[in-house]
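Colleague: I would like to learn how to read a model of this kind, feature by feature. Could we begin with the vocabulary and then go through the structure together?

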Amino acid sequence: MMGCASSIHISDRVNHSEDSQNCSHPGHIKPQSTLTEVQFGPMKLYEDQLQVLLVFAKDDAQSNSFCWACERAGFRCNVSRTPEAALESFQEKNHDLIIIDHRHSRCFDAEALCRSIRGISCSHNTVIVAVVKRPDREEATVMPLISAGFNRRYVENPNMMSCYNELLQLHHGEIRAQIKLRACNAVFTALEQSQEAIEISSEDHIIQYVNPAYECIMGYQREELLKENTEVPKSEKNKPDLLENISSCIRRGKEWQGVYYAKKKNGDSVQQNVKMTPVVGQGGKIRHCVSVTRPLNDHNKTEKCCERVQAESQTDIQQFSKHKDRRKGSLDVRSTTSRGSDGSSQRRHSSMARIHSMTIEAPITKVINIINAAQESSPMPVAEALDRVLEILRTTELYSPQLGTKEEDPHTNDLVGGLMTDGLRRSSGNEYILATKQLHHIPGHLTTPLSLSDIPPCIAQTMENEESWDFDIFNLESATVKRPLSYLGLKIFSRFGVCEFLSCPEATLRSWLQIIEANYHSSNSYHNSTHAADVLHATAYFLCKERVKQSLDPIDEVAALIAAAVHDVDHPGRTNSFLCNAGSELAVLYNDTAVLESHHAALAFQITTRDDKCNIFKNMERNEYRTLRQAVIDMVLATEMTKHFEHVNKFVNSINKPLAALEENGDSSDEDSVQNILTAPENRILVKRMLIKCADISNPCRPLELCIEWAGRISEEYFAQTDEEKQQGLPVVMPVFDRNTCSIPKSQISFIDYFITDMFDAWDAFADLPNLMQHLDNNFRYWKSLDEKKLHSLRPPPE
């Protein structure tokens, strides 16, 4: 049930005491008690041995056969000789099955006995069978037996296997059906006690059942709604397309959940959180619909209303009081003001009241306050679960998965630990050696810039297919003597009209690209200008995708291209964790937080605005520049891996899921709805973050040879970091990246599993990138095959 405030435990177990008068005949052995598990839909039930009562005036072949059959089937069996003894035995043991001898009316009246048993309240779940004579002539009607209360008849047949088969059919038919009915009664008892409004309607929207909470909230009496052909009251405030959407979901057998207006008896419309679940019945058709509702912002009112319907037991009240006392740490104003009357308590009351009335309350604070309020009226198990929820919500890393032990997967632990932490905690200020070298450098003069038309033919030829995803950046790196960013940047920025947008001359753009490239470290095996050019290429490729174009404005596209070009400028070839552990100047400057990403963004703007010859922003209008600058900074900071899961989760929940919901409901052709999702300002930010994140770590989605080359380069950079950490006596951030022992295939498998798969699944669902996903599958299989052969290298040995 949606957000159910009460915890309900249902059990249905057929338990009986030992028999006082068991069936006995030669060779009878009393069966041992067994417990059988039975599954009825979503409910699990347990049935003990079935209790059978045989009512026969005297022993004969028929009664002995039933006794034998009970023994073989493992049922407990009693025999009664008179109606009085039968009634007494049934009231004591409440048998599941009663077999009455109807053949000899002179002994006792079988139909009268059946009516007497049916007069006992607990007999409605008992199956009663009449043993009748084999007809001499015409078959008699069974209506007198049914009217007397019998479920079925058994035409006399003393054959033991016939009796045994009859018992088996009864057990798996009528008797289990009765057990299921008992379970249904338990379920409806739970519905009666639920604090949420529950309504069950037929396929024609005719009300079949409502619980007391529904009566309470809607103002109706049950009798008013359950009279013949009463339809579910509908409010005029619900839009036709909403009603059609709900009907469409129910018709297709899908659950619908959302906000819906219900009409109360007094004519008022109340806004409710509703979950509607279709129930498939006979013929595979939707026969019923179950609706669980709760009014919005009406939690306390609902509880008070339900309390009038359901009186709590004294035990529940005592448990509730103990639970309230246990939660001393609640931030709810009511709980803080009830403790003590001294001055400090009053001051706390005043402060808390002001905090709770502030209009600048953050969303997470609102969530915590709502949970605190819900705790006050929740049973112990629910409240304890909410305590755990609050504990999690009060942490800062809400989106970061918790890893297992190091022994489970050291490659994943080391890789994730190295990428997603800003260094290890230090127990003292001078425990680790501090790095003294200054990281950024700006050359004093630049080489003569080239025009796009002046690019040498050999370089131009390597860039002919730069719009293709399979473009080989390493060919360009070789042709340009490790200066691919300037050349590829000229071509891509020209293709996207960046100079026209920025109102800057092409010469300024050329100078800017060259000075940015000069500030990448060519000595780095991975984080160099080739990586920047590769990320720029991926960014341009993604910007051409239809869904991305629908979402972003021209200023977003320009910001994305600039952010891609500068996102790792002056990268030292070491991770944030290394810089923090080494106490580097950058780590001190940025307080061990997003050290490199903050440096890349800041340095990019310092370089750009320091000299008019390369200031591509010089001619921009002030407000437009601020917007562009903010977008570039946000995208560069988004490449920091500590917030990886936060960015991916927000993208999926804010964009992918709403788009998928439109598609499921058949509204994907509704351009306005799609456009509203794509162009919402907060969603455009999420798209840009996701775009540059995917571009930044797209290596596993490149063609295999490119993927292998990138894997070798990043591994070499991590090996060099581990070497330096050992030389300087620093903590080794990623111990598995020891060049003597590391398995590169394992590290790639871990990286793909942990970071790549989910992110690119989400990005593919948005931007439609089947070729990338195919490369990802191929590359993963390649690394798996190497790992299965116990190889640690990039490639298998030559045959």
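Modeller: Let us start with what counts as a helix, which here is a DSSP run of type H or I with at least four residues, numbered from the N terminus. The model in front of us is predicted, and by that rule the protein has 33 helices and 13 strands.

Colleague: How many salt bridges are there, and where do Arg510 and Glu506 lie?

Modeller: A salt bridge pairs a side-chain nitrogen of Lys or Arg with a carboxyl oxygen of Asp or Glu within 4 Å, and the count comes to 29. Arg510 and Glu506 form one of them, with their closest N and O atoms 3.7 Å apart. Both residues belong to helix H20 (residues 506-518) and stand 4 residues apart, about one turn of the helix. Arg510 is buried, at 13% relative accessible area, whereas Glu506 is partly exposed at 32%.

Colleague: Which parts does the pair of Glu174 and Arg152 tie together?

Modeller: The side chains of Glu174 and Arg152 meet in a salt bridge with an N to O distance of 3.3 Å. Glu174 sits in helix H5 (residues 160-193) and Arg152 in strand E8 (residues 152-155), so this pair ties together parts that are 22 residues apart in sequence. Glu174 is partly exposed, with a relative accessible area of 25%, and Arg152 is partly exposed as well, at 26%.

Colleague: Where do the partners Arg739 and Glu716 lie in the chain?

Modeller: Arg739 and Glu716 form a salt bridge whose closest N and O atoms are 3.2 Å apart. This pair links distant parts of the chain, with Arg739 in the loop between helix H31 (704-728) and H32, and Glu716 in helix H31, 23 residues apart. Salt bridges that share partners also join Asp60, Asp101, Arg103 and Glu156 into one network.

Colleague: Turning to the interior, which residues have the most contacts inside the largest nonpolar core?

Modeller: As a general idea, nonpolar side chains in soluble globular proteins tend to be buried together. In this model, 47% of the 799 residues count as buried. The largest nonpolar core has 117 residues, and those with the most contacts inside it are Trp512, Phe542, Leu628, Phe760, Trp763, Phe766 and Trp783. Helix H32 (residues 744-767) gives the most to this core, with 13 residues. Apart from it lies another core, of 23 residues, among them Phe66, Cys67, Ala69 and Cys77.

Colleague: What does Phe760 contact, and what does Met690 touch?

Modeller: Once neighbours within four places in sequence are set aside, Phe760 is in contact with Phe542, Cys694, Ile697, Ser698, Cys701, Leu772 and Met773. Met690, found in helix H30 (residues 681-696), is buried at 1% relative accessible area. Not counting residues up to four places away in sequence, Met690 touches Val648, Phe651, Met759, Ala762 and Trp763. The C-alpha atoms of Met690 and Ala638 are separated by 8.1 Å, although these residues are 52 apart along the chain. For the protein as a whole, 70% of the contacts between residues at least 6 apart in sequence join residues at least 24 apart.

Colleague: How many disulfides does a search of the whole structure find?

Modeller: A disulfide is a covalent bond between the sulfur atoms of two cysteines. The search finds 0 disulfides in the whole structure. Cys701 is a case to examine, because its sulfur is 8.0 Å from the closest cysteine sulfur, in Cys694, which is too far for a bond. Cys701 is buried, at 0% relative accessibility, and Cys614 is buried too, with a relative accessible area of 2%.

Colleague: And on the outside, which residues form a nonpolar patch on the surface?

Modeller: Val142, Met143 and Ile146 form such a patch, with about 250 Å² of accessible area together. Ile146 is found in helix H4 (residues 143-148) and is partly exposed, at 45% relative accessible area. Over the protein as a whole, about 39700 Å² is exposed, and carbon and sulfur atoms supply 51% of it.

Conventions: Residues numbered from 1 in each chain as written. Predicted model: local features only at pLDDT ≥ 70, side-chain atom pairs only at ≥ 80, totals over all residues. Heavy atoms only, no water. Core = buried A, V, L, I, M, F, W, Y, C linked by side-chain atoms within 4.5 Å. Buried < 20%, exposed > 50% of the residue type's maximum accessible area, 1.4 Å probe, protein only. Helix = DSSP H or I, 4+ residues; strand = E, 2+ residues; numbered from the N terminus. Contact = heavy atoms within 4.5 Å. Disulfide = S-S within 2.5 Å. Patch = residues over 30% accessible without salt bridge, like charges linked within 9 Å, V, L, I, M, F, W, Y side chains within 5 Å. Areas by Shrake-Rupley, 256 points an atom, 1.4 Å probe, with all protein chains shown as cover.
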